[in-house]
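Biologist: Please take me through the sheet in this model, one pairing at a time, and give the reasoning behind each answer.

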Amino acid sequence: MTKSESSVYQALMDAIPVGLYQTTLDGKVLYTNTACLKIARCPLSERDAWLRQDVRKSYVVPEEGIRFRKMLMQEGEVNDFVACFKCWDGNLRWLSNTAKLVLDDDGKPFAISGSFIDVTDRVLVEKKLREKTRQLNLALETAHLGYWCWHIASDRVAWYGDHASLYGIQDFEFEGTLAHVQRMVHPDDREKGVANLKKTVEEKVPFDNTYRVIHPDGSIHWLNSFGHLTMDENGELGHIFGITRDITDFKQAEEKLAQQNIALNVIMENRDAQQRQLVDTIIVNFQKLVFPYFEKLRICRDRSSIEMFLDIIETNIRESLSPIQTRSPLVYQNLTPMEIQVADLIKIGRSSKEIADVLNVSLRTVYFYRNNIRKKLNIHNTKANLRSYLVGME
């Protein structure tokens, strides 16, 4: 190659924006173009110094240079080998290196030709993305969430984050198919899940499914999966991307609340029954303790008797309507209506003769009722005063 041809060749190489180089097998730089110097932050005036350096010493991590050379000698070429280099100005940059062995006429390698580009921005973005992904996975794991993607055409399912743990398995155990997901779903909930997927695909509505899964240890957990349908660049069905969360605690609380509601309903029903019973008791008490005296008032002409009946009616009304006055009605349930009237007159201090006159019965009949009352109150053949006992029951 003439000097003129060499100058033209160099000019052509310098016009290429990708860094081009050639080194010996032991790393000594034989040739670089201008783009290579720019990427390495080496001024043109320092080209000769650059050519004299051992490029292997530019690796920030020496082991990376060793690995690159080993791969190159084994494979004959290396594509997109990304490593961190120390530039001429001391700054660190990430470079993507593609190289190939140069062979002599006997097929033996004697040099390395390659190219590299600056991928620092890409590496930093990927690093930031990995960090964001790590933070997202940590947040999802803490919140018992996982995200997933079902590719409709291939019928493949991809899980991300801590999704596998929601099903009680490890990431490597997941087969990546919808069929495997279905095998872990409770048999009673499988048909519903498939129907919801079909509805999302056919009607383009969000996917929303609440279902049970059976962990390998036999425990049952409640999950909710929610997702949206995405179309590809051709407007065809692409995939459904969604989130899954564990709602077992919520379901257990819901079930507990339902049981409490059942218990509350039973209590309310019992209360209603008690209220109805109380109303029935009040009606019975009025029939036994109040209404009969109104009948007597209609035919009574004696003022003192009228006042006596009014006192009895007032007392019995108070007893019948007061919720805390429950003992007397309960006791009176064992007494006949006539025995109740006799007991009321005894309580207000009427003598047997006065009771006979008021009730228009014989004195012997009054004694008969008094004796029955004592028997029913379990004070028969005792010295207990009947009037004092009745008053003490109020």
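Biologist: In what order do the five strands of the open sheet stand?

Modeller: In this predicted model, the strands of the open sheet pair in the antiparallel sense. The twist from one strand to the next averages 25 degrees. Read across the sheet, the order is β7-β6-β10-β9-β8.

Biologist: Which strands have one side left without a neighbour in the sheet, and why?

Modeller: A strand with a single partner stands at an edge, so one of its sides is left without a neighbour in the sheet. This applies to β7, residues 156-161, and to β8.

Biologist: How many bridges join β8 to β9, and which residue in β9 stands opposite N209?

Modeller: Strand β8 covers residues 207-214 and runs antiparallel to β9, residues 220-231, with eight bridges joining the two. The strands form a hairpin with five residues between them, and G218 in the turn has a positive phi of about 90 degrees. Opposite N209, in β9, stands S225.

Biologist: Over how many bridges do β9 and β10 pair, and which residue in β10 is the bridge partner of L223?

Modeller: The pairing of β9 with β10, residues 237-246, is antiparallel and extends over nine bridges. Their hairpin has five residues between the strands, and G235 there takes a positive phi near 80 degrees. The bridge partner of L223 in β10 is D246.

Biologist: Which residue in β10 stands opposite L145?

Modeller: Strand β6, residues 145-151, pairs with β10 in the antiparallel sense over seven bridges. Opposite L145, in β10, stands R245.

Biologist: Which helix lies across β6, β8, β9 and β10?

Modeller: The helix in question spans residues 187-203 and runs at about 160 degrees to β8. Its name is α8.

Methods. Residues numbered from 1 in each chain as written. Predicted model: local features only at pLDDT ≥ 70, side-chain atom pairs only at ≥ 80, totals over all residues. Heavy atoms only, no water. Pairing = 2+ DSSP bridges. Helix = DSSP H or I, 4+ residues; strand = E, 2+ residues; numbered from the N terminus. Axes fitted to C-alpha atoms, helices over the stretch in contact; angles between N-to-C directions. Contact = heavy atoms within 4.5 Å.
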